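Trainee: Hi, do you have a minute to walk me through this one? I'd like to get a feel for the fold and its rings.

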Amino acid sequence: MDKTPIYPYPAAYAQENGELEQYRASMKALDACKRAIEKAIRDHWDGMNFAQGAAKGVLEQFGPEKVSFILAYTVREKNFDNRFSGHNASWAATVSLHGMAPGRESCTLESHPAKVDLFIDAAREGILELEQQKSEVRRPRTTKQEKEGVKMDKAPIYKESFQYAYQHGEETQHIASLTANIGCKAAIEQAISDHYSDNRLNTVAAVRDVVKRFGFERTLYVLANTMQDMGQDGRVSRANKDWAWTIPVAFENGKRDVSYLITQCHPGLLDMFVTAARHEYLLSLPLKREDIKAEAQKILTAFQNAPEPNSPSGTHYMAQVSPDFLARAKTKDHDRLIAMLPFQSLTLSTLNGRKGTYALIRQEENRFQPLVLRRPSVRKQLQEQQTDAPKPSTPGRDKAKGPEL
């Protein structure tokens with residue numbers, strides 16, 4: 001395996017710090033990885049799909065991190081007209097590009113986006129298999145103390161200063177919340193360390209370890225506090241910085257509480273962790289009518305854009321249902337999705353040899369019908385308004401605040 005690490009900073013940083021040799025070696029390895037992926041795409045494409053294990057060779061030669069980097073960089077460079085499936089575009093956003101400037105041909109695949117999209121599915125499946133193999137080899141025995149340690153810390157987040165808590169007789173709540181914040185910070189650092197190997201971070205496993213103990217609200221609160229403090233760090237994405245400022249955090253005497261700043265891990269890895277945590281939190285939320293409508297419109301557009309029936313049998317038009325939608329959807333959400341799509345022959349089904357769930361309609365259907373959008377009932381609208389309405393303020397806490405979690 002090519003063990004050349006990906007240089008985690010831009011070229012300007014390498015020049016300023018006398019590390020151009022490491023930077024050039026990294027770029028050379030990435031270029032070789034790109035060429036190997038191009039060859040694998042040519043060699044394993046059968047005209048419709050990729051053979052089983054199509055990505056195995058490049059994963060063994062260059063490792064998951066470099067392969068993921070090239071694939072994600074290509075998606076983010078060439079997805080200007082939504083050429084890639086939603087689940088792969090979402091995945092690409094979770095892969096750190098270490099500040100790599102756009103427009104770099106040595107990191108951008110030249111193969112057709114449709115082939116690259118299917119190859120990404122094969123690569124992600126191969127990466128998952130490698131992770132499972134390693135976890136089986138390294139899985140430690142869980143002690144009784146460790147089992148007890150995964151109990152959820154249910155201390156409410158206290159979002160005021162200690163001075164405020166002292167004045168209102170709430171010191172106990174403040175201390176309990178601060179203790180939990182510090183524990184969450186340590187858990188995040190430990191999870192990133194535990195799930196980082198072979199130059200790759202298993203972000204989903206790391207996030208779930210922390211959320212299991214501290215919940216999404218506290219995990220995101222602690223992450224936001226740190227992201228806000230990293231405003232000038234170019235190794236952190238602008239999207240995560242902007243998100244962090246939507247979450248108000250408590251200050252002490254006008255200063256940020258540094259006791260739960262995350263400092264014992266690389267900023268690039270932390271950025272990946274934040275992106276994954278935000279995505280996992282999104283998947284935990286119930287779908288709203290707007291979400292279902294957006295998925296229905298995506299499927300309808302895919303039907304309309306297909307020049308001819310694209311199912312394996314050639315008798316149906318098909319479009320993949322977003323994995324994120326399926327992860328959040330309940331039975332009633334599936335029913336609402338089907339009701340919005342104006343097709344008598346519509347079915348949701350899996351296909352042999354393909355991953356995921358697909359919407360299919362017969363080729364005789366009129367694909368250019370509009371969505372069926374029923375107006376929600378007045379009672380439903382009133383219920384949603386009551387749910388979204390702000391809670392009554394507590395005396396002494398009417399100061400302006402940003403959006404809550």
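Mentor: Happy to. Let's settle one term before we begin: two residues are in contact when they have heavy atoms within 4.5 Å. Also keep in mind that this is a predicted model.

Trainee: Okay. Of the contacts with a separation of 6 or more, what share comes from residues 24 or more positions apart?

Mentor: In the protein chain, such residues account for 74% of those contacts.

Trainee: And how many helices and strands are there?

Mentor: The chain has 15 helices and 7 strands.

Trainee: What percentage of the residues count as buried?

Mentor: The figure is 42% of the 405 residues. As for the outside, the accessible surface comes to about 23,000 Å², and carbon and sulfur atoms make up 51% of that.

Trainee: Let's get to the rings. How many aromatic pairs are there?

Mentor: The count is 7 aromatic pairs. One of them joins Y7 and Y23, an edge-to-face pair with 6.0 Å from centre to centre and 90° between the planes.

Trainee: Where do those two sit in the chain?

Mentor: Y7 belongs to the segment before helix 1 (11–16), while Y23 is in helix 2 (residues 20–44). They are 16 residues apart, and the pair links distant parts of the chain.

Trainee: Is Y7 buried or exposed? And what about Y23, buried or exposed?

Mentor: Y7 counts as buried, because its relative accessibility is 9% and the cut-off for buried is under 20%. Y23 is buried too, with a relative accessible area of 11%.

Trainee: What about F303 and F343, what kind of pair do they form?

Mentor: Their ring centres are 5.6 Å apart and their planes meet at 85°, so this pair is edge-to-face. F303 lies in helix 12 (residues 289–305) and F343 in the loop between helix 14 (331–340) and strand 6 (347–350), so the pair ties together parts that are 40 residues apart in sequence.

Trainee: How accessible are F303 and F343?

Mentor: F303 has a relative accessible area of 1% and is buried. F343 also counts as buried, at 7% relative accessibility.

Trainee: Which residues do ring pairs link into a cluster?

Mentor: Those are W45, F50 and F119. Another ring to look at is Y317: the charged end of R367 sits over that ring, 4.1 Å from its centre.

Trainee: Changing topic: how many cavities of 30 Å³ or more are there?

Mentor: There are 2 cavities of 30 Å³ or more. The largest cavity holds about 90 Å³ of space.

Trainee: Which residues line the largest cavity?

Mentor: Its lining includes Y158, E160, H174, S177, L178 and N181, along with Y221, A250, E252, D257 and Y260. Helix 8 (residues 171–194) gives the largest share of that lining, 4 residues.

Trainee: Staying with helix 8, what does E189 touch beyond its neighbours within four places in sequence?

Mentor: E189, which is in helix 8, is in contact with L261, I262, T263 and Q264 once those neighbours are left aside. E189 is buried, with a relative accessible area of 11%.

Trainee: And G183, is that one buried or partly exposed?

Mentor: G183 is in helix 8 and counts as partly exposed, at 23% relative accessibility. Its C-alpha atom is separated by 9.6 Å from that of R213, and the two residues are 30 residues apart along the chain.

Trainee: Great, thanks!

Conventions. Residues are numbered from 1 along each chain as its sequence is written. This is a predicted model: local features need pLDDT of at least 70, side-chain atom pairs count only at pLDDT 80 or more; totals for chains, interfaces and linings use all residues. Side-chain values use heavy atoms; hydrogens and water are left out. Rings of Phe, Tyr and Trp (its six-membered ring) pair if their centres lie within 6.5 Å; planes under 30 degrees apart count as stacked, over 60 as edge-to-face and the rest as tilted. Buried means under 20% relative accessible area, exposed over 50%, partly exposed in between (1.4 Å probe, protein chains only). A charge sits over a ring if NZ of Lys or CZ of Arg is within 6 Å of the ring centre and within 35 degrees of the ring normal. Accessible areas come from the Shrake-Rupley method with a 1.4 Å probe; for residues, only the protein chains shown count as cover. On a 1 Å grid over the protein atoms alone, a cavity is a set of points where a 1.4 Å probe fits but cannot get out, and a pocket is an open set with protein on both sides within 12 Å along at least five of seven lines; lining residues have an atom within 4 Å of a point. Grid points are joined across faces, edges and corners, and a volume is the space filled by probe spheres set on the points.
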